[in-house]
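This report describes how two protein chains meet in a model. Please consult the sequence and the structure shown here while reading.

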Amino acid sequence: MEILLAIVIGAAFGAVLDRIGASNPTVIGKMLNLTSLKLMKTILLAIGTGSILMFGGQMLGLVDVGHMSVKTAYVGVFIGGLLLGAGWAVAGFCPGTGLVAAASGRKDALFFIAGGLLGAAAYMASFPWVESTGALQGVLGGKVTIGAVPGSGYDGLFSALPGDIAGLVMGAAFVVIAFALPERLNPRGERLARAH
Amino acid sequence: MTLSWKSGGVLLGVVFFLAVLLVKPIGVSTQFVIFDGILWNAVDSAVVTQTAEGVTSSNAYLAKSDGKYAKAVANPLNYSFVFVIAMMLGAAVSVWARGGLDRAERTMPALWRANFGDGAGKRYLAAFIGGFVVLYGARLAGGCTSGHMMSGMMQTSISGYIFALGAFAAAIPTAMMLYKEG
């Protein structure tokens, strides 16, 4: 049953990533140099939609809180984020969209995947050293959400806040930001748009 | 056909929600490790071993969290690995259904061509190095754009916000320096 779900949800995810342009490095590059923020609006709206459905469903008792999976916060999350961000800008791919792009027929994505497999192997080899630096030690309480979500087993960073309500508010905030964000912040985009 | 940001955003959000509703939050980058492990174990079968306590590995990273990754290497037909394969198939069908990818795009994206010219070798090298840095970073962070940024922030997980902050803090200046044309 679980394998069937993996096939259905996975295929839907891949198709949607293709149709929003997330696996096209031109779209990623123009989002990151701030000349076209359409994909940013898509991502923000998706996070907001997901949050509202999940936390709303939990509050109505329709969604199993036990399915939540919160990752630990540690210094390496930020450093790893910086590395991923730099590589994302250069290649135009992140791990998921690189695979999607290769499946779409992009040859450069095959080189991204080869580099990625080597990068992952390098991490496997250097893991004991990374661990010894303390960069993987939990900070800010480790596996925490903004507020404690009832029944999730995870603590809240702000323990007085009800986590499900905080989740709904954050979800709504992401939706509002998605609508409020202009399509471009970098004026160069406007000039280019006119030129085309 | 490309979706508008509104319908695309809602659809993507629904997919992330369905994953949490039915199974667990979406994540991808771990599967690069699992695939590495499968290749490595095929060359040297001593990498992943079965003990009385369960599956473990001679590699400390594969063996961590009670051999969670080692177990996935030993049994690739698990949810997360199949999910990633299905993601690729879904994308391939979607591209085919919208008439396939432009021939020029198959070698390199238009934005790259506008800034760095037609040389395929240069683009492939950049993609390779980018891939190395992205996956090293994703594994150090314990997740990627899917697992940390989307699934994480959707659950109001603090690690998700920290990751997104780091990713955009590096990605935006890098892209602004690299892509000045087109």
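## The interface between the chains

In this predicted model, 113 residues of chain B are in contact with 111 residues of chain A, contact meaning heavy atoms within 4.5 Å. The size of an interface is often given as the accessible area lost when the parts come together. Between chain B and chain A the buried area is about 9900 Å², and carbon and sulfur atoms give 76% of it; this area is the accessible area (1.4 Å probe) that two parts lose on being put together, summed over both.

## Polar and charged pairs

The count of salt bridges between chain B and chain A is three, where a salt bridge is a side-chain nitrogen of Lys or Arg within 4 Å of a carboxyl oxygen of Asp or Glu. One of them joins the side chains of Asp108(A) and Arg123(B), at 2.7 Å from N to O.

Polar contacts across the interface number 30 residue pairs, both residues being at pLDDT 80 or more. Such a contact is a pair of N or O atoms within 3.5 Å; within protein, one must be able to donate a hydrogen and the other to accept it, and residues adjacent in sequence count only if both atoms are side-chain atoms. On the side of chain B that touches chain A there are 76 nonpolar, 26 polar and eleven charged residues. Here Ala, Val, Leu, Ile, Met, Phe, Trp, Tyr, Cys and Pro count as nonpolar, Asp, Glu, Lys and Arg as charged, and the others, Gly among them, as polar.

## A helix pair across the interface

Helix H2 of chain A (residues 25–32) and helix H9 of chain B (residues 158–178) have axes that come within 8 Å and cross at roughly 100 degrees. Axes are lines fitted to C-alpha atoms, for helices over the stretch in contact, with angles from 0 to 180 degrees between N-to-C directions. H2(A) and H9(B) are therefore roughly perpendicular to each other, a term for angles of 65 to 115 degrees.

From H2(A), Gly29(A), Met31(A) and Leu32(A) meet Phe168(B), Ala171(B), Ile172(B), Ala175(B) and Met176(B) of H9(B). This contact has seven nonpolar, one polar and no charged residues.

## The two chains

Chain B has nine helices and two strands, in the order α-α-β-β-α-α-α-α-α-α-α from the N terminus. Chain A has eight helices and two strands. Helices (H or I, at least four residues) and strands (E, at least two) are DSSP runs, numbered from the N terminus.

## Conventions

Residues are numbered from 1 along each chain as its sequence is written, and chains are lettered from A and ligands numbered from 1 in the order in which they are written. Local features need pLDDT of at least 70, side-chain atom pairs count only at pLDDT 80 or more, and totals for chains, interfaces and linings use all residues, while side-chain values use heavy atoms, with hydrogens and water left out.

Definitions and conventions. Parallel < 35°, antiparallel > 145°, perpendicular 65-115°, else oblique.
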